[in-house]
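Good morning. I should like to present one structure today, beginning with its internal space and closing with the confidence of the model.

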Amino acid sequence: MNKNTFKTFILLPALGGLLIGIGSIFGRTGAIIGPAIGVALGGFSDWFSDNIAIKSARAVPVSEQEMPEYYRIVRELTQADNIPMPKLYVTPDAQPNAFATGRSPDHAAVAVTQGILNILSWDELQGVLAHEISHVKNRDILIGSVAAAVAMGITFVARIAMWGSIFGGGGDDDDGGNIIAILALAILAPIAAMLLQMALSRSREYDADRSGARLIHDGEPLARALEKLEQGVRAIPMNVEPAQASKYIVNPLTGRKVQFANLFSTHPPLEDRIARLRAREWAT
């Protein structure tokens, strides 16, 4: 079991525990309903994560006749990694970025933005696509989708708890609950869920950088690509739902003026990722 998988086994139950804790505000019934929502969201994200991500990005499929070089690179990478060829898409966004999605290597999709096609050379794009294929190979695209769905469930249940406490909800136990504690939990639980999801997402990006560099036996193309992407995402904002931002290779919300954006970023610092690639950490 690799380090990322181990973290997943720790973090996802922790997210589920938060759901139970918030649901228990409403007593024994709530303690059952909370996890049920998490399971339902997790199952939904399992089967429909690729469709949700593709539709939210307004991505369109491209044929091999339209983009032969795109297909050639991905085919070579998947053959080297011994996984099936994913479906390939392009989004209309001017911001340079890319993502992979799907519940398994047999049901995966890779999408690049029009912006990334405009600024990267083909060897730099190969580095980016090796990163995304590594996400598919490592099966962490599903893990990320499930974590995001459960975190959304925690936020949803916490809001119900908050409004329920304000308008008279107190659970089905005789002694009820302290309204201050209820409100504090309802406010802090989504933050805790985001921090847990962030920890999982950051480790996944480091792992995909490392695996992608190993796949092409070179970390420099991805390092150069990340330098260009950093400039691109700062210059060109992209309208992305925060819940979907973690799937991109570079945080697409970087160009937005959002308070505390770095505190709650699901991506590790780009300068750190670039330094690790150029230090050949992937080769050890």
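**The cavity and helix α9**

The largest cavity holds about 80 Å³ of space; a cavity is a set of points on a 1 Å grid over the protein atoms alone where a 1.4 Å probe fits but cannot get out, and its volume is the space filled by probe spheres set on the points, which are joined across faces, edges and corners. The model is a predicted one, in which local features need pLDDT of at least 70, side-chain atom pairs count only at pLDDT 80 or more, and totals for chains, interfaces and linings use all residues. Residues are numbered from 1 along each chain as its sequence is written, and side-chain values use heavy atoms, without hydrogens and water.

Which residues line the largest cavity? They are Y206, D209, R210, R273, R276, L277, E281 and W282 (an atom within 4 Å of a point). Two or more of the lining residues come from each of α7 (179-216) and α9 (270-278), helices being DSSP runs of H or I, at least four residues, numbered from the N terminus.

Turning to α9, its buried residues (under 20% relative accessible area, 1.4 Å probe, protein chains only) are L270, R273, I274 and L277. These buried residues fall within an arc of 95° seen down the axis of α9, so they line one face of the helix; the arc is taken from the directions from the helix axis to the C-beta atoms.

Finally, confidence: the chain has a mean pLDDT (the predictor's confidence in each residue, from 0 to 100) of 78, and 56% of its residues reach 70 or more.

Key: On a 1 Å grid over the protein atoms alone, a cavity is a set of points where a 1.4 Å probe fits but cannot get out, and a pocket is an open set with protein on both sides within 12 Å along at least five of seven lines; lining residues have an atom within 4 Å of a point. Buried means under 20% relative accessible area, exposed over 50%, partly exposed in between (1.4 Å probe, protein chains only).
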